Amino acid sequence: MEAFRIKKQKRQQNQSKPKKEESAVTLKDLIDPILIKQLKEQQDQLKAEEERRKEAEEQRKREERRLKEKNKSFEELLNESGMNWKEFK
């Protein structure tokens with residue numbers, strides 16, 4: 001009988017707890033929409049800047065490789081060649 005009363009009390013306690021609000025306030029609701037718009041614009045600008053930086057870095061590396069290839073000596077070109085030049089002697 002005592003166990004039945006304890007279970008009944010627990011059930012009543014669980015039912016009496018208030019449920020969480022369905023429409024909980026989020027951070028997005030608290031922030032001004034104008035501020036959100038400004039932050040998104042700034043994020044887009046930073047992404048564009050990062051893309052430009054990466055593209056400039058790639059261009060610099062391509063130019064560096066091109067100049068290095070252009071200035072190679074005959075010996076370097078011969079060593080990089082896959083052909084066995086001893087066969088042509």
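## Two loop residues in a four-helix chain

Val25 sits in the loop between helix H1 (2-16) and helix H2 (27-30); helices here (H or I, at least four residues) and strands (E, at least two) are DSSP runs numbered from the N terminus. The model is a predicted one, where local features need pLDDT of at least 70, side-chain atom pairs count only at pLDDT 80 or more, and totals for chains, interfaces and linings use all residues. Residue numbers start from 1 along each chain as its sequence is written, and side-chain values use heavy atoms, with hydrogens and water left out.

The elements read α-α-α-α from the N terminus, so to speak a chain of four helices and zero strands. Of its 89 residues, 1% count as buried (under 20% relative accessible area; exposed is over 50%, partly exposed in between; 1.4 Å probe, protein chains only).

Here are the two loop residues:

| Residue | Loop | Relative accessible area |
|---|---|---|
| Val25 | between H1 (2-16) and H2 (27-30) | 61%, exposed |
| Lys72 | between H3 (33-70) and H4 (74-80) | 18%, buried |

Val25 also joins Leu27 and Leu30 in a nonpolar surface patch of about 360 Å². Patch residues have over 30% relative accessible area and no salt bridge (a side-chain nitrogen of Lys or Arg within 4 Å of a carboxyl oxygen of Asp or Glu); like charges are joined within 9 Å, and nonpolar side chains (Val, Leu, Ile, Met, Phe, Trp, Tyr) within 5 Å.

What does Lys72 touch, leaving aside its neighbours within four places in sequence? Leu77 and Glu80 are in contact with Lys72, meaning heavy atoms within 4.5 Å.

Key. Accessible areas come from the Shrake-Rupley method with a 1.4 Å probe; for residues, only the protein chains shown count as cover.
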